[in-house]
Amino acid sequence: MYKFKSYQYGIALGICLTVAGCKAPAPEAAPTTSTPVPESFGTTTQTQDANNNTSALVWKDYFKDQNLVDLIDVALKNNQELNITLQEIEIAKNDIRVKKGLLLPTVGVRAGAGVEKVGRYTSQGAGDATTEIKPGVETPDPLGDFTISAYANWEVDIWKKLRNSKKAALNRYLATVEGKNFVITNLIAEVADSYYELLALDTQLDIVKQTIKLQTNALEIVKIQKQAARATELGVKKFEAEVLTSQSLEFGILQQIKETENKINFLLGRYPQEIKRTNSNNFLSLLPAAVSSGIPSQLLANRPDVKQAELELVASKLDVKVARAEFYPSLDISAAFGVQAFKPAYLFTFPESILYSLAGDLAAPLINRNAIKAEFASANARQLQALYNYDRTVLNAYLEVSNQLSKIENLQKGYDLKSKQVDALNTSIDVSNDLFKSARVDYFEVLMTQRDALEAKLELVDTKKEQLNAAVHVYRDLGGGWK
């Protein structure tokens, strides 16, 4: 009676331990750090209409320069970084196939051959010696073993562990697709930036060449004046130094042009060659593309990096469910069917050679669960990490658009003022030259006027380049270019 009660207590204790062992910790609650996206970008001149968003334009329609369109088209075919990203998509796609395969039974074929010699003075040896395979035929010694069979193993997905793992892989695949789209938007913007930089350098080179001609003419005048005792050697040397400075600047710009061309060729995945581009004479007359920002909430649907972060967040939540399911019992079913005999001649002697098996295995972690606890904690941490990354990506997207819209407004105002400055300095050059010829001003005022005019013209070109680049950047930051 006492033994029976002890047996009952033992069973009860075992059941309690099993239930306790199967208890899974609850996922860590995500902090509510996300704040709603503002309703506007805070600009004064931009019209924010949900039905009018520049990001909806195809990049071939947004960029009007055919030379630039041709360059972008080549880059989208040959760029190495984009091709690397495409292979990452293939890797993620194959991971889905792996996870999908785990949901299905594993079926295989097995063939084997072996031989066994046991001691006569053992239970098996004694039994074999007194056993006849057939009447009058003793068990062979040594005993052969030949097998041909099919087998199957299947983990029954009771707790959706495998299905959630497959969904996580699917979301990561979709995230890589969005990552590819993000690479495309940045690639298009980088090619356009470099193209406009090249046009700006061409224009600056023309300005420097024109300035060198102007300075050379002034140098000839001061040499004549020196011969007429109306100027000194100091004035001549100052003009010579200014010409040499401008010529040095010319070669510096030529080097920048070469480096910018090579940068574009690198983005296009080809070796150095001349970049076909628009005539630099028209650069200052180029107008930035008109931009419509839409509303901030559209960034969540249009920005590839935001959608990528969102999909990574979904995948991380599924990873937590997968890690939590490791605490529960798993059911494995295995089966086998085939033929087995001690001689190949008997393999297909039915039913004596037939073998089959069917087994179910229910197992749950009970003691020393540190490994799965650590993995569960890591999955929770990765989930929080993905949430913070999503919030950061949304915030960054909003700030990038806000900055670019503000930059477009301020650059336009700055360009208008800089244009007036250049016009005033161009007039002052003519005036100073006339006054210098009549000896009413000295060489220093002529030099300073020419220097100020050169700097202002180069700054005007830089401002125009920044205007064009700002239009490119806001198109990228709104999520345009990948469609």
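User: What makes Ile148, Phe337, Phe348, Phe350, Ile354 and Tyr356 a nonpolar patch on the surface?

Analyst: In this predicted model, these six residues form a nonpolar patch with about 690 Å² of accessible area together. A patch takes in residues with over 30% relative accessible area and no salt bridge, and nonpolar side chains are joined within 5 Å, so Ile148, Phe337, Phe348, Phe350, Ile354 and Tyr356 are grouped on those terms.

User: Why is Tyr356 of that patch called exposed?

Analyst: Tyr356 has a relative accessibility of 66%, and exposed means over 50%, so the label follows from the value. Tyr356 belongs to strand 6, which covers residues 354-363.

User: What makes strand 6 an edge strand?

Analyst: The sheet is open and consists of 4 strands in the order 1-4-5-6, with antiparallel pairing. Strand 6 and strand 1 (106-116) are the edge strands, since each pairs on one side only. Neighbouring strands of this sheet are turned by 20° against each other on average, with direction ignored.

User: Why do strands 5 and 6 count as paired?

Analyst: Two strands pair if at least two bridges are found between them, and strand 5 (residues 330-341) and strand 6 share 10 bridges in the antiparallel sense, so the condition is met. Within this pairing, Ala336 stands opposite Ser357 in strand 6. Strand 4 (residues 143-156) and strand 5 satisfy the criterion as well, because they pair over 11 bridges, again in the antiparallel sense. There, Phe146 stands opposite Ala341 in strand 5.

User: Why is Thr85 called buried?

Analyst: Buried means under 20% relative accessible area, and Thr85 is at 8%, so Thr85 counts as buried. Thr85 lies in helix 4 (residues 80-102), and beyond its neighbours within four places in sequence it is in contact with Gly179, Lys180 and Val183.

User: What makes Thr203 buried, and which residues does Thr203 touch?

Analyst: Thr203 has a relative accessible area of 7%, which is under the 20% limit, and therefore it is classed as buried. Thr203 is placed in helix 6 (residues 161-227) and touches Ser280, Phe283 and Val461, leaving out residues up to four places away in sequence. Thr203 and Lys457 are 254 residues apart in sequence, while their C-alpha atoms are 9.7 Å apart in space.

User: Why is the pair Lys77 and Asp73 called a salt bridge?

Analyst: The closest N and O atoms of Lys77 and Asp73 are 3.7 Å apart, and the criterion asks for a side-chain nitrogen of Lys or Arg within 4 Å of a carboxyl oxygen of Asp or Glu, so the pair qualifies. Side chains of opposite charge can pair when their charged atoms come close. Both residues lie in helix 3 (residues 66-78), 4 residues apart, which is about one turn of the helix. Lys77 is exposed because its relative accessible area is 59%, over the limit of 50%, whereas Asp73, at 25%, falls between 20% and 50% and so counts as partly exposed.

User: What makes Glu90 and Lys93 a salt bridge, and why are they called partly exposed?

Analyst: Their N to O distance is 3.6 Å, within the 4 Å cut-off, so the pair counts as a salt bridge. Glu90 and Lys93 sit in helix 4, 3 residues apart, about one turn of the helix. Glu90 has a relative accessible area of 35% and Lys93 is at 34%; because both values lie between 20% and 50%, both residues are partly exposed.

User: Why is Asp157, which forms a salt bridge with Arg163, called buried?

Analyst: Asp157 has a relative accessible area of 13%, under 20%, and is therefore buried, whereas Arg163, at 36%, counts as partly exposed. The closest N and O atoms of this pair are 2.9 Å apart, so the 4 Å criterion is met here too.

User: How many salt bridges does the structure hold, and which residues are linked in a network of them?

Analyst: The structure holds 20 salt bridges, and a network of salt bridges links Arg303, Asp305, Glu400, Arg476 and Asp477.

Technical notes:
Residues are numbered from 1 along each chain as its sequence is written. This is a predicted model: local features need pLDDT of at least 70, side-chain atom pairs count only at pLDDT 80 or more; totals for chains, interfaces and linings use all residues. Side-chain values use heavy atoms; hydrogens and water are left out. Helices (H or I, at least four residues) and strands (E, at least two) are DSSP runs, numbered from the N terminus. Buried means under 20% relative accessible area, exposed over 50%, partly exposed in between (1.4 Å probe, protein chains only). Contact means heavy atoms within 4.5 Å. Patches are made of residues with over 30% relative accessible area and no salt bridge: like charges are joined within 9 Å, nonpolar side chains (Val, Leu, Ile, Met, Phe, Trp, Tyr) within 5 Å. Accessible areas come from the Shrake-Rupley method with a 1.4 Å probe; for residues, only the protein chains shown count as cover. Axes are lines fitted to C-alpha atoms, for helices over the stretch in contact, and angles run from 0 to 180 degrees between N-to-C directions.
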